[in-house]
Amino acid sequence: MRTRFFLIILFALPILAQAQDKPAYKFSGYMFDDYYYNVTRDANIATFLNVANGGAKDLNGFQLRRIYFTYDNEISPVFSTRFRLEATTGNPFVKDAYLKWKNVFQGSDLYFGLQGTPAFEISEGVWGYRSVEKTILDLRGIVSSRDLAVGLRGKLDESAMVKYWVMFGNNSSTGAEADKYKRLYGHIQFSPTEKITATLYADYKMQAGVNDPKSTTNPKATLGHNALTVAVFAGYTEKDKYRFGVEGFVQTTAHEYKDGSADSLVAKNTIGVTLFGTYNLTEALTVLGRFDLFDPNTNSKSKYDARNYVVFGLDWKADKNVSIIPNILYETYDKVQSGAGTRSVDASLTARITIYYIFL
């Protein structure tokens, strides 16, 4: 049923657009597909948590990781809109559906609807290889890329050296709202030159309280369970030559972890750091690399859960709109508990050939 809906929209949008007296619309779209082979895996990989590179050893095949089909329309000099569909194999859904009110006040635009969040748009742009892998905040599920929200973004000075972006949303990603709790997002971007950019991001996720283990009342008293995420990014781009970036984040969730030292809940701190870079060997050949460190719980009582992640690839631009990217994904894990002791864990290595192409 969802696939049928996706196809109907694909055919209906051009017809609707041509019906306009003065069309001011644009269609765009891209895909990335892979052939992948899981070269190595630990025998117990299916039981591990917080795995970015999962799946069984020797599993291989073709996969359609993303199709984007986007319709942008300039309704008037004041209003514009975007409607975007995303699909993977057999799974189409609405990715964007928002109205943009341009210059709602000087230098700022208002967005209403299903839209991107401020978390990693800038870092993803500098990384430039979403076709190979998500950025760390997205990959590890720290912040969703979309939310149904109202957002305001613009510049804080005439030169646009400093930009801001704030949002208030459901915290339900592309799904329907299921509770009363919301998420507040904020983002500041500082770009002293065209080559250098830095961002400071924060969000406050409101969540239902959790029962206090020490409570003797009936019903039990509850404790706050909200989460604060802070991320910092810095990137440098030398156009058509190289670019690199570094990003780090901390997410603190109140009363999330029971460390076993007492009948109480303590905050859980999750951290991540990513370093990446690309270098143009020739006009048509680019080398790319990345290293991530991720620890879902920094508490000393939470052991054997840190992960390291390496991405490496070569981008051959067969055409201005077509890239063929051989790449590898390599994830390592801490030791795990085994009886009274620990055992080492085999790393996860996947080899892929990714094809990224713009079809509209």
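A pocket is an open set of grid points with protein on both sides within 12 Å along at least five of seven lines, and its lining residues are those with an atom within 4 Å of a point. In this predicted model, the second largest pocket is lined by 31 residues, and R65, R130, E133, K134 and L139 lie nearest its centre. The space in this second largest pocket comes to about 590 Å³. Several elements contribute to the lining of the second largest pocket, with β1, β2, β3 (79-88), α3 and β20 (348-358) each supplying at least two residues. By residue class, the lining of the second largest pocket divides into 8 nonpolar, 12 polar and 11 charged residues.

The largest pocket has a volume of about 1200 Å³. Its lining holds 46 residues, and those closest to the centre of the largest pocket are Y30, E121, E124, G125 and R130. Here the lining consists of 20 charged residues, 13 polar and 13 nonpolar. R130 thus appears in the central group of the largest pocket and also in that of the second largest pocket. R65, named at the centre of the second largest pocket, is linked with D34 and R352 in a network of salt bridges.

Turning to charged pairs, a search of the whole structure gives 17 salt bridges. In one of them, the side chains of E331 and R140 meet at 2.9 Å, N to O. This contact links distant parts of the chain, since E331 belongs to strand β17 (residues 322-333) and R140 to the loop between α3 (136-139) and β6 (146-155), 191 residues apart. E331 counts as buried at 0% relative accessibility, and R140 is buried too, with a relative accessible area of 13%. R140 has a further partner in an aromatic ring: its charged end sits over the ring of Y309, 6.0 Å from the ring centre. A similar arrangement is found for R153, whose charged end sits over the ring of W165, 3.6 Å from the centre.

Another salt bridge joins D203 and R183, with the closest N and O atoms 3.0 Å apart. D203 lies in strand β9 (residues 196-205) and R183 in strand β8 (residues 183-190), so this pair ties together parts of the chain that are 20 residues apart in sequence. Both D203 and R183 are buried. The salt bridge between K317 and D315 (2.9 Å, N to O) offers a handy contrast in exposure: K317 is partly exposed at 33% relative accessibility, whereas D315 is buried at 2%.

The aromatic side chains are worth a look as well. A pair of aromatic rings is described by the distance of the centres and the angle of the planes. The count of such pairs comes to 18. Y35 and F62 form a tilted pair, 4.9 Å centre to centre and with 55 degrees between the planes. This pair connects strand β1 (residues 25-40), which holds Y35, to strand β2 (residues 60-74), which holds F62, across 27 residues. Y35 is partly exposed, with a relative accessible area of 31%, while F62 is exposed at 72%. Y98 and Y111, by contrast, pair edge-to-face, at 5.5 Å between centres and 65 degrees between planes. Because Y98 lies in strand β4 (residues 91-105) and Y111 in strand β5 (residues 108-116), the pair ties together parts 13 residues apart in sequence. Y98 and Y111 are both buried. Finally, Y25, F27, F69 and Y71 form one aromatic cluster.

Conventions. Residues are numbered from 1 along each chain as its sequence is written. This is a predicted model: local features need pLDDT of at least 70, side-chain atom pairs count only at pLDDT 80 or more; totals for chains, interfaces and linings use all residues. Side-chain values use heavy atoms; hydrogens and water are left out. Rings of Phe, Tyr and Trp (its six-membered ring) pair if their centres lie within 6.5 Å; planes under 30 degrees apart count as stacked, over 60 as edge-to-face and the rest as tilted. Helices (H or I, at least four residues) and strands (E, at least two) are DSSP runs, numbered from the N terminus. Buried means under 20% relative accessible area, exposed over 50%, partly exposed in between (1.4 Å probe, protein chains only). A charge sits over a ring if NZ of Lys or CZ of Arg is within 6 Å of the ring centre and within 35 degrees of the ring normal. A salt bridge is a side-chain nitrogen of Lys or Arg within 4 Å of a carboxyl oxygen of Asp or Glu. On a 1 Å grid over the protein atoms alone, a cavity is a set of points where a 1.4 Å probe fits but cannot get out, and a pocket is an open set with protein on both sides within 12 Å along at least five of seven lines; lining residues have an atom within 4 Å of a point. Grid points are joined across faces, edges and corners, and a volume is the space filled by probe spheres set on the points. Ala, Val, Leu, Ile, Met, Phe, Trp, Tyr, Cys and Pro count as nonpolar, Asp, Glu, Lys and Arg as charged, and the others, Gly among them, as polar.
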